[in-house]
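Open the model in a viewer and keep a selection panel at hand. The stops below say what to select and what is found there.

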Amino acid sequence: MVDFDERDLIRQCQKGDVQAFRQLVERYEDRIYGLACSILGDPEVAKDAAQEAFIRVYRALGNFEGRSSFYTYLYRITTNVCLTFAQREQRRPDRVSIEGMQEASDMTLDRFLGTDEPQNDIERIGLREEIQKVLDYLSPEHRAVVVLKDIEGFSQEEIADVLDVSVGTVKSRLSRARARLRDLLLPLYREWQGEEI
């Protein structure tokens, strides 16, 4: 569940220790921002969503009982904030900036593609951009399950906990999202392989 050091930090936060909360934020801020970028596709909106998520966590930390890991708790709040932001902004793929896609891909797609190191390979950078564009065509709910499963490495049970839905709903959303991704990525794959479409 929660490691000893983290459990101690949470207890301190629950007693009002702002410095302890800063340590929790520092521990998770990059991953939370990367998650928000992946779901929202816009770095500015993602910054706002990540900040809102940490504010909500701070306000609700007194209710955290440790039944799930703090990491799962934080991801649940962040994902819900991002889905709310996505509905409010009514973001569409044609309204997402190229800069936003690049920053989001830099934060998360290197993990998806199997590396955390910066890539100098022009083709690899192009592939990251194309994958982020394709992710932006998914609904926020479908994008969230793909990001949590395929980028963050959560199990279906953990995703169900984060999204507060059944495992069956996660399986259904994941199946639909992957089918949509397959349809969108097939022409890209063929182009990269030099095949005629």
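A residue is called buried when its relative accessible area is under 20%. With that cut-off in mind, select C37 in this predicted model: its relative accessible area is 0%, so C37 counts as buried. C37 is in no disulfide, and the nearest cysteine sulfur, that of C82, is 8.9 Å away. A pair of sulfurs has to lie within 2.5 Å to count as a disulfide. Next select C13, another buried cysteine, with a relative accessible area of 6%. How many disulfides does a search of the whole structure find? The search returns zero.

Now colour by pLDDT. The average for the protein is 78, and 73% of the residues score at least 70. Which element has the highest mean pLDDT, and which the lowest? Helix α3, residues 43–60, is at the top with 93, while helix α5, residues 98–112, is at the bottom with 44. Select residues 91–116 as well: pLDDT stays under 50 over this stretch, for which the model has 60 contacts beyond four places in sequence. Where pLDDT is low, predicted coordinates should not be read in detail.

Go back to α3 and add helix α4, residues 70–89, to the selection. The two axes come within 9 Å and cross at roughly 130 degrees. Angles from 65 to 115 degrees would count as roughly perpendicular and those over 145 as roughly antiparallel, so α3 is oblique to α4. The crossing of α3 past α4 is right-handed. To see the contact, show side chains on both helices: α3 contributes V45, D48, A49, E52, A53, F54, R56, V57 and A60. From α4 come F70, Y73, L74, I77, T78, V81, C82, F85 and E89. C82 in that list also holds the sulfur nearest to that of C37.

Move on to helix α7, residues 140–151. Which of its residues are buried? They are R143, A144, V145, V146, V147, L148 and I151. Following α7 is G153; its phi is positive, near 80 degrees.

The last stop is K171, in helix α9, which covers residues 167–193. Is K171 buried, exposed or partly exposed? Its relative accessibility is 48%, so K171 counts as partly exposed; the exposed class begins over 50%. Finally, draw a distance from the C-alpha atom of K171 to that of Q156: the two residues are 15 apart along the chain, and these atoms are separated by 7.2 Å.

Technical notes:
Residues are numbered from 1 along each chain as its sequence is written. Side-chain values use heavy atoms; hydrogens and water are left out. Buried means under 20% relative accessible area, exposed over 50%, partly exposed in between (1.4 Å probe, protein chains only). pLDDT is the predictor's confidence in each residue, from 0 to 100. Helices (H or I, at least four residues) and strands (E, at least two) are DSSP runs, numbered from the N terminus. Contact means heavy atoms within 4.5 Å. Axes are lines fitted to C-alpha atoms, for helices over the stretch in contact, and angles run from 0 to 180 degrees between N-to-C directions. Angles under 35 degrees count as roughly parallel, over 145 as roughly antiparallel, 65 to 115 as roughly perpendicular and the rest as oblique. A crossing is left-handed if the near helix is turned anticlockwise from the far one by less than a right angle, and right-handed if clockwise.
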